[in-house]
Amino acid sequence: MVKVRQAIVVEGRYDKNVLSQIVDAPIFCTNGFGVMNDPALTALLREAAEKRGLVILTDSDAAGFVIRNYLKSCIPSEHLLHAYVPDVRGKEKRKRTPGKEGKLGVEGMPPAVILQALKDAGAALDGETAEASPEPITKQDLYALGLTGGSNSSEKRAALLKQLRLPEHMSTNALLQALNLRFARAEFLARFEKTEEES
């Protein structure tokens with residue numbers, strides 16, 4: 001597992017699954033073209049870019065470039081790095097037929113190719129130039145706060161997502177990444193406690 005200082009954005013969950021086995025970094029999905037109709041997700045990616053830098057790692061087909069160009073248009077270039085996977089003919093194991101252009105996407109690339117793409121993009125690997133990470137917010141914290149595992153956890157999570165202006169369909173894992181991007185653990189716990197008292 002290689003630590004990467006920047007956050008990374010990929011197209012879909014299969015790309016994210018592959019990447020999460022190779023790198024230790026916040027990984028976000030555009031949900032294909034979904035990001036173009038999701039202002040909250042776009043805002044979250046902009047925030048990730050401003051806080052720690054963002055590497056765009058989309059497929060090398062036309063759709064991947066449409067998504068990349070959309071992100072380039074709404075996130076300041078000084079916060080973006082562009083990683084490119086090579087054009088390789090083939091299909092991913094889970095698919096019956098190759099994609100429209102017959103190219104392998106991010107999910108079909110060997111780990112060494114992905115790491116090289118990140119390195120070539122200028123990503124800080126193995127914590128180069130990374131500052132010490134603050135104590136992270138954990139799943140246990142979310143459970144203790146009633147945001148998971150309780151009878152009204154989904155309502156509490158929905159209220160928190162709305163309050164923080166995050167996408168409403170975020171999974172618990174994605175919420176955790178977003179919280180750790182925005183808050184130190186102590187700051188989040190204090191803020192959540194205050195919100196609970198007020199409501």
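In which kind of crossing, left-handed or right-handed, does α2 pass α7? Hold that thought for a moment, everyone, and please keep in mind that this is a predicted model.

Let's start with the inside. In soluble globular proteins, nonpolar side chains tend to be buried together. Here, the largest nonpolar core is made of 34 residues. Leu-45, Leu-179 and Phe-188 are the ones with the most contacts inside that core.

Who contributes? At least two residues each come from the strands β2 (7-10) and β5 (54-58), and likewise from the helices α2 (39-52), α3 (62-74), α6 (153-163), α7 (172-182) and α8 (185-198). The top contributor is α7, which gives six residues.

Take Leu-45 as an example. If we set aside its neighbours within four places in sequence, Leu-45 touches Val-9, Phe-28 and Val-35, and also Leu-54, Leu-71 and Ile-75. Apart from this core there is another one, with 23 residues, including Val-2, Ala-25, Val-55 and Ala-117.

Now back to our two helices. The axes of α2 and α7 lie 10 Å apart, and the helices pack at an angle of about 45 degrees. Angles between 35 and 65 degrees fall in the oblique class, so α2 and α7 are oblique to each other. And the answer to my opening puzzle: α2 passes α7 in a left-handed crossing.

Which residues meet there? From α2 we have Leu-44, Glu-47, Ala-48, Lys-51 and Arg-52, and they meet Ala-178, Leu-181 and Arg-182 of α7. Sorted by class, this contact holds four nonpolar and four charged residues, with no polar ones.

Thanks for listening, and do have a look at the structure yourselves!

Note on methods:
Residues are numbered from 1 along each chain as its sequence is written. This is a predicted model: local features need pLDDT of at least 70, side-chain atom pairs count only at pLDDT 80 or more; totals for chains, interfaces and linings use all residues. Side-chain values use heavy atoms; hydrogens and water are left out. A nonpolar core is a set of buried Ala, Val, Leu, Ile, Met, Phe, Trp, Tyr and Cys residues joined through side-chain atoms within 4.5 Å. Buried means under 20% relative accessible area, exposed over 50%, partly exposed in between (1.4 Å probe, protein chains only). Helices (H or I, at least four residues) and strands (E, at least two) are DSSP runs, numbered from the N terminus. Contact means heavy atoms within 4.5 Å. Axes are lines fitted to C-alpha atoms, for helices over the stretch in contact, and angles run from 0 to 180 degrees between N-to-C directions. Angles under 35 degrees count as roughly parallel, over 145 as roughly antiparallel, 65 to 115 as roughly perpendicular and the rest as oblique. A crossing is left-handed if the near helix is turned anticlockwise from the far one by less than a right angle, and right-handed if clockwise. Ala, Val, Leu, Ile, Met, Phe, Trp, Tyr, Cys and Pro count as nonpolar, Asp, Glu, Lys and Arg as charged, and the others, Gly among them, as polar.
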